[in-house]
Amino acid sequence: MKAVVWQGKRDVQVMEVPDPALKEPTDAVLRITSSGLCGSDLHLYEVLTPLMTPGDIVGHEPMGIVEEVGSEVTNLKPGDRVVVPFQIACGSCFMCGLGLQTQCETTQVRDQNMGAPLFGYTKLYGAVPGAQAEYLRVPQAQYGPVKVPEGPADDRFLFLSDVLPTAWQAVEYADVPKDGTLAVVGLGPIGDMACRIAMEKGARQVIGIDLVPERLARVRARGAQVLDVTEHDDIGEAVRELTSGRGADAVIDAVGMEAHGNVAGKVAQTVGGMLPGKLAEKAIAKAGVDRLSAFQHCVDIVRRGGTISLSGVYGGAADPLPMLTLFDKQVQLRMGQANVKRWVPEILPLLTDEDVLGVDEFATHHLPLSQAPEAYEMFQKKADGAVKVVFRP
């Protein structure tokens, strides 16, 4: 089959690789019909390269048709249309029972001291072959895949794999007070969708913050206020002017480790990645430092006693946090990979023909898998208005 294969820093290629096969009785094999390109895929493309191995198949946002199931998968049959969460969880352990599927005790990557494995995402998370491919082996298929109805185009349901539950959890964790204000820093796919969800859930004021004109325009068109960081010397003061001088009740950081505007952080990331072999891997995994400019903006923007919800992926193990300010402002922090299956029952009822979240038109680009190298470059450079790319194998 054809798959998108990581070969090195800023180097992904579409290659012929062996077809996946059932290995465990709880496996299924899926024929991919759509697969998303995620902002966190760019971390593999650039920052987290020491944790990758040439030949790794990337991607973690799959949707498709079940081709084959193992003997213990009784809830699926060949021909079923499914969306697959980006993490692999069993559904029956203590953590899954708490709705913390990202911490699944059956599948935890214990040799790396990490939580549940992720499709197509570094050796820290199990180096499981990913979903930007024609076929995908799905472990724990007795629990993970979500069956969806025939009829609507893939985009109606595809984003249940990651974007929708990640944005939903970000809003839930933000815990915006009734009639409160939410600021969202970073208007890529997650930040954009978080704004939509917050407005749907009744937030009185939603302020989207970014520096890319096309992304600001998308969010403004959905009814949120927007602030262009390039037009303000002090973005925190700009938010306070809109919020009675206090700041936002809650702030979502939808940017993560590759924030703009932090030269020292970029240098630290770059130097770590330049070290040879195992030294680079240890530097990233044990002493990595993120670019924290987006998070620092969040600390400034949030009001005293407010909440910061981190959905942007951070990978540093030695990040210098502004602990004095966080403590003094009595800020609550909530964070983590989205627990997809926890939120699916709440999201699915919104994916009707009314399309209140605008999922049908959410993707900016639909491309064949063969154009993956160009798509990664375009997405990283935020060129051609790219916000969400969907591959159609």
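Contact between elements is taken here to mean heavy atoms within 4.5 Å, and on that basis the packing of helices against strands is described below for a model that is predicted. Helix α10, which spans residues 293-301, lies across β9, β10, β12, β13 and β14, and the helix runs at about 150° to β13, the strand of residues 302-310. Helix α5, formed by residues 189-200, lies across β9, β10 and β12, with a direction at about 175° to that of β10, which covers residues 205-210.

The strands contacted by these helices belong to an open sheet of six strands, arranged in the order β11-β10-β9-β12-β13-β14 and paired in the parallel sense. The edges of this sheet are formed by β11 (225-228) and β14 (332-335), each of which pairs on one side only, and from one strand to the next the twist averages 20°. Within the sheet, β9 (residues 181-185) and β12 (residues 248-253) are parallel partners joined over four bridges, and A183 stands opposite V251 of β12.

A further open sheet consists of three strands in the order β2-β1-β4, and its pairing is antiparallel. Because β2 (11-16) and β4 (56-57) stand at the edges with a single partner strand each, one side of each is left without a neighbour in the sheet. Strand β1, comprising residues 2-8, is joined to β4 by two bridges in the antiparallel sense, and V5 is placed opposite I57 of β4. Helix α13 (residues 372-380) lies across β1 and β2, and its direction is at about 160° to that of β2.

Antiparallel pairing is also found among β3, β5 and β6. Strand β3, which covers residues 28-37, is joined by seven bridges to β5, the strand of residues 62-69, and the bridge partner of L30 in β5 is V66. Strand β5 is in turn linked to β6 (residues 81-83) through three bridges, again with the two strands running antiparallel, and here I65 stands opposite R81 of β6.

Aromatic contacts were examined next. Over the whole structure, three aromatic pairs are found. One of these is formed by Y45 and Y376, whose rings lie 5.4 Å apart from centre to centre with 40° between their planes, an arrangement classed as tilted. Since Y45 lies in helix α1 (residues 41-45) and Y376 in helix α13, the pair ties together parts that are 331 residues apart in sequence. Helix α13, to which Y376 belongs, is also the helix that lies across β1 and β2.

The interior of the model was searched for enclosed space, and three cavities of 30 Å³ or more were counted. The second largest cavity holds about 70 Å³ of space and is lined by 14 residues, among which P85, Q87, I88, A89 and G144 lie nearest its centre. By class, the lining of this second largest cavity is made up of nine nonpolar residues, four polar residues and one charged residue.

Conventions. Residues are numbered from 1 along each chain as its sequence is written. This is a predicted model: local features need pLDDT of at least 70, side-chain atom pairs count only at pLDDT 80 or more; totals for chains, interfaces and linings use all residues. Side-chain values use heavy atoms; hydrogens and water are left out. Two strands pair if DSSP finds at least two bridges between them. Axes are lines fitted to C-alpha atoms, for helices over the stretch in contact, and angles run from 0 to 180 degrees between N-to-C directions. On a 1 Å grid over the protein atoms alone, a cavity is a set of points where a 1.4 Å probe fits but cannot get out, and a pocket is an open set with protein on both sides within 12 Å along at least five of seven lines; lining residues have an atom within 4 Å of a point. Grid points are joined across faces, edges and corners, and a volume is the space filled by probe spheres set on the points. Ala, Val, Leu, Ile, Met, Phe, Trp, Tyr, Cys and Pro count as nonpolar, Asp, Glu, Lys and Arg as charged, and the others, Gly among them, as polar. Rings of Phe, Tyr and Trp (its six-membered ring) pair if their centres lie within 6.5 Å; planes under 30 degrees apart count as stacked, over 60 as edge-to-face and the rest as tilted.
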